[in-house]
Amino acid sequence: MTKQPLQKLFDAMYHGKFSFHDFLQSPVETNYEIAAGNASGSRTLFKPKENLKTYHRFLNLFLFELLPINERVVFSYRKGFSAVNAVQKHTKSKYFFQTDIKSFFDSIDRSLTQKTILAGEECCPIEDLHKHIDRIVDLVCVGDSLPVGLPASAPLSNAVLVNFDHELEQLCEQRELIYSRYADDIIISGQKHEHLLDLEVLVQETLHQFCSEKFFIHYGKTRFFQVGGKVKILGMMILPTGKISVDTKKKNDLEVLIHFYLNDRGRFKDMVNKNKKRSESDEELSEDDYIAYLSGNINYVDSIDPAYTDKLRRKFGSTTIDILKYSGFAKEK
């Protein structure tokens, strides 16, 4: 790999359309908007303005997406992969453990962000990374944490856990267990119940030793379950046959949503607003927004269980389902 100065890479990508001086000097706090969640307990989202989006895209391309991750176990925010891949690894298991990391993004502080970036220095083409590291951290962190909603947060959140992922994968292999991760969701499974004993302690100690003492597993969301009961992981069901399908409630809600879309647009919109936890004070959605929501749900279930999409075609008509399925893509363009 031929390394080059950051400015040379920036100028080669944008050919003067964006200023490297602004990249280095523009106040970050004026380049994003805060979109607080409209439901109690929901996380605060940050909406970047166009110039900050540009800076993040550049840094993603030349730095953050090149940082080392354990591709065998982590499936979040990776092109061509989804939560289905994280669950797929466990379809032949009998016993399951699931937990998540409490306040995950808020716990990724500036120090860990900088440490993660510098640890991946050999993997990126930036010659003067150390010279610009403070500014790079300023561009991606808000206060002392990695915010949800900014483009760089996703690849960085994968990379900060690389040492934890390597160690936990090895520990699980020693116990004849399977490990996968999707963002802050940790899934471990195996054939024998005794191999899953004390996993809460193992995962917590590994987080502290190999990542950050600010990371704690969410004991309120930690659970053990087994085949014979309801095996639901990341909103997906592992059926006794080993097939992955969508949760029954999700299927029922989607069918009601399609029925109202076809027969009662008022109730359809009310249901969308309720599902999105929107209040009367929120800005009204456009007709395209409502249809895009329905389209997104159809594409979600189709990505998990295409056979169920065929069932929807038989129930509501192939033309209806296919038009709705692709309408979301049309809006994105």
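## Cys172 and the other cysteines

Cys172 counts as buried, at 1% relative accessibility. This is a predicted model. The structure holds zero disulfides. For Cys172, which is in no disulfide, the nearest cysteine sulfur is that of Cys211, 16 Å away.

Cys124 is likewise without a partner: its sulfur is 7.8 Å from the closest cysteine sulfur, in Cys123, and this is too far for a bond. A disulfide requires the two sulfur atoms to be within 2.5 Å. Cys124 has 0% relative accessibility and therefore counts as buried.

## Nonpolar cores

The largest nonpolar core comprises 59 residues. Phe64 and Ile188 are the residues with the most contacts inside this core. Helix H7 supplies the largest share of the core, six residues. Another core, of 36 residues, lies apart from the largest one, and among its members are Phe96, Ile244, Phe260 and Ile298.

Not counting residues up to four places away in sequence, Ile188 touches Cys172. Ile188 also touches the aromatic residues Tyr95, Phe96, Phe97 and Tyr179, together with His90. The rest of the list consists of Leu168, Leu177, Ile178, Leu196, Leu199 and Val203. In soluble globular proteins, nonpolar side chains tend to be buried together.

## His132 in helix H7

His132 is placed in helix H7, which covers residues 129–140. With a relative accessibility of 9%, His132 counts as buried. Leaving aside neighbours within four places in sequence, the contacts of His132 are Leu6, Phe20 and Leu24.

## Packing of H11 and H12

Helix H11 (residues 248–263) packs against helix H12 (residues 265–275) at an angle of about 145°, and the two axes are 6 Å apart. On the H11 side the contact is made by Asp253, Val256, Leu257, Phe260, Tyr261 and Asn263. On the H12 side Arg265, Arg267, Phe268, Met271 and Val272 take part. By class, this contact has seven nonpolar, one polar and three charged residues. Phe260 of H11, named in this contact, is also among the residues of the 36-residue core.

## Gln174 in helix H9

Gln174 lies in helix H9, residues 162–174. Its relative accessible area is 56%, so Gln174 is exposed. Along the chain, Gln174 and His195 are 21 residues apart, and their C-alpha atoms are separated by 9.6 Å.

Terms used: Residues numbered from 1 in each chain as written. Predicted model: local features only at pLDDT ≥ 70, side-chain atom pairs only at ≥ 80, totals over all residues. Heavy atoms only, no water. Buried < 20%, exposed > 50% of the residue type's maximum accessible area, 1.4 Å probe, protein only. Helix = DSSP H or I, 4+ residues; strand = E, 2+ residues; numbered from the N terminus. Contact = heavy atoms within 4.5 Å. Axes fitted to C-alpha atoms, helices over the stretch in contact; angles between N-to-C directions. Nonpolar A, V, L, I, M, F, W, Y, C, P; charged D, E, K, R; others polar. Core = buried A, V, L, I, M, F, W, Y, C linked by side-chain atoms within 4.5 Å.
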